Amino acid sequence: MQPKEVLEYAKENNVKILDLRFTDLPGLWHHVSFPLHELTEESFEDGFGIDGSSIRGWASIHESDMLLIPDASFPWIDPFHEIPTLCMIGDVIDPITREHYPRDPRYVARKAEAYLAYTGIADTAYFGAEAEFFIFDNIRFDQKEHCGYYFIDAEEGRWNSGRKEENLGYRPRYKEGYFPVPPTDHYQDLRSEMVRVMEQCGMTIECHHHEVATAGQTEIDQRFNTIVKSADNMMLYKYITRNVANRHGKTVTFMPKPLFQDNGSGMHSHQSLWSKGKPLFAGDQYAGLSQMALWYIGGLLKHAPAIAGLIAPTTNSYKRLVPGFEAPVNLAYSRRNRSAAVRIPMYSASPKAKRLEFRPPDPSCNPYLAFAAMLMAGIDGIENKMDPGEPLDKDIYDLSPEEMKDVPTLPGSLEEALNNLKKDHAFLMKGDVFSQDLLDTWINYKIKNEVQAVNLRPHPYEFALYYDI
């Protein structure tokens, strides 16, 4: 839409409040609201002032004034508020220089799209992310000087099969939650409501289903889109799933590994490059791929240990990224092996459907930074004609240690991933897509607030291991 059309849209829907959204560096949405009369056509150039000093990873107190410029291309009516509220995403602008704020994650994704066009390799990158999540009924957690614990409960959790009260059975077994019909699948209607609300807000949804784990693990698949739009949609996806669940007395988490001994939640990311409306990843090479697609895979595999710090960016991510449970820890590609980092879907022979699926990302990431990082790794692979090696089409778990020794793997911890990012990030800085300041801020924030914070605290299982040592 154009600004004038947004104002007409607001009037048609009897809107009373404008709500602007923006994303902090770790990847959480924030918002600020204004009476609708504050929104004029000039607002789309002048913006709205905010204080950015308390936003994680943003400016210090002495340079805290920021502007939010509404993006007129993506308005929607919030489906959860009683008072009609118009929502838009704001781009963050420095009020003095009138330039984009370099630590705004959305700006990084914009620059990645612009850099792709600048290279002449392609004019469009399409990303389709499959974010999994859990639906729980109760969550309790705390960490103090003398205790630390978490307690999860879900009506659908297999651990409730022995419960005395109100127990009607029908709960997915551990690692057997894929596609059971109701009543074993407890959340068909809840997922359908999430889908209905997503489409009401302008998203295109392809399907939804129960995932492998017990206790309400779920996947809702969105239609692919450009990088910025896909990241915008992922932020809205999280917002809608959480709020629909909340109004039904449920809670949603995108933690990669909330349950021990069951499958974690990933965000498999389908990717393809196009030019002038034509797909560039279809060809006569392995699995129907083009040589360009293989080079792109080569870039992803080479830089995967570094971009792991952006696509799997929590300490909890590495509870998921361990061998087993189809964990995509092996830096190889395959058309059939789901433990390989890159899978080539074979559902359709159409050149338009030819794409690759990068499986290590999880939904704890900031999608703007994660999508930009994956694209930059792929571009580097194409520019330097990186050979991805031979495909790995065998069952990895049937291979001998001798056969596996030459297959590289992802880092085993967030700290290791961030150290790799420190050493290998020049490809991210091409075209000024990522700045040194942003990467340093990201790494320092993650080390101080997550890696060191977790390392300092005794783990409950350490008492089982060491209390009587």
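Biologist: How do you know that the span of helix α5, residues 227-247, agrees with its length?

Modeller: This is a predicted model, and in it the end C-alpha atoms of α5 are 30 Å apart. At 1.5 Å a residue, the 21 residues should span 30 Å, so the two values agree.

Biologist: What makes α5 largely enclosed by the rest of the structure?

Modeller: Of its 21 residues, 16 are buried, so the helix counts as largely enclosed. After α5 comes Gly-249, with a positive phi near 75°.

Biologist: Tyr-237 belongs to that helix. Why is Tyr-237 called buried?

Modeller: The cut-off for buried is under 20% relative accessible area. Tyr-237 has 0%, so it is buried.

Biologist: Let's turn to the rings. How many aromatic pairs are there?

Modeller: The count comes to 18 aromatic pairs. One of them joins Tyr-126 and Trp-274, at 5.7 Å centre to centre with 80° between the planes.

Biologist: Why is the pair of Tyr-126 and Trp-274 called edge-to-face?

Modeller: Ring centres must lie within 6.5 Å, and planes over 60 degrees apart count as edge-to-face. With 5.7 Å and 80°, Tyr-126 and Trp-274 meet both conditions, so the name fits. This pair links distant parts of the chain, since Tyr-126 is in strand β7 (residues 124-136) and Trp-274 in strand β14 (residues 267-275), 148 residues apart.

Biologist: Which of those two is buried and which is partly exposed?

Modeller: Trp-274 is at 11% relative accessibility, so it counts as buried. Tyr-126, at 24%, is partly exposed.

Biologist: And what makes the pair of Tyr-237 and Phe-254 tilted?

Modeller: Their planes are 55° apart. Stacked needs under 30 degrees and edge-to-face over 60, so a pair in between is tilted. The centres of Tyr-237 and Phe-254 are 6.2 Å apart. Here Tyr-237 sits in helix α5 and Phe-254 in the loop between β13 (251-253) and β14, 17 residues apart. Phe-254 is buried too, with a relative accessible area of 5%.

Biologist: Which residues form one aromatic cluster?

Modeller: Trp-29, Phe-74, Trp-76, Phe-80 and Tyr-239 do. Two rings of that cluster have a charge over them: the charged end of Arg-21 is 5.0 Å from the centre of the Trp-29 ring, and that of Lys-229 is 3.4 Å from the centre of the Phe-74 ring.

Biologist: What makes up the largest nonpolar core?

Modeller: It has 102 residues, and those with the most contacts inside it are Ile-240, Leu-273, Phe-358, Leu-375 and Phe-434. Helix α6 (residues 291-311) gives the largest share, 13 residues. Beyond its sequence neighbours within four places, Leu-375 is in contact with residues including Ala-112, Phe-127, Leu-273 and Tyr-296. A second, separate core has 21 residues, among them Leu-20, Phe-48, Ala-72 and Tyr-101.

Biologist: How do you know that Asp-71 and Arg-110 make a polar contact?

Modeller: Their side chains are joined at 3.3 Å, and the cut-off is within 3.5 Å. Asp-71 lies in the loop between β4 (65-70) and β5 (76-77), and at 12% relative accessibility it counts as buried.

Biologist: Last one: why is Cys-207 called partly exposed?

Modeller: Partly exposed lies between buried, under 20%, and exposed, over 50%. Cys-207 is at 32%, so it counts as partly exposed. You will find Cys-207 in strand β10 (residues 205-210), touching Glu-219, Ile-220 and Asp-221 when residues up to four places away in sequence are not counted.

Methods
Residues numbered from 1 in each chain as written. Predicted model: local features only at pLDDT ≥ 70, side-chain atom pairs only at ≥ 80, totals over all residues. Heavy atoms only, no water. Helix = DSSP H or I, 4+ residues; strand = E, 2+ residues; numbered from the N terminus. Buried < 20%, exposed > 50% of the residue type's maximum accessible area, 1.4 Å probe, protein only. Contact = heavy atoms within 4.5 Å. Expected span 1.5 Å × (residues − 1). Phe/Tyr/Trp six-rings, centres within 6.5 Å; stacked < 30°, edge-to-face > 60°. Lys NZ or Arg CZ within 6 Å of the ring centre and 35° of its normal. Core = buried A, V, L, I, M, F, W, Y, C linked by side-chain atoms within 4.5 Å. Polar contact = N/O pair within 3.5 Å; in protein donor to acceptor, adjacent residues only side chain to side chain.
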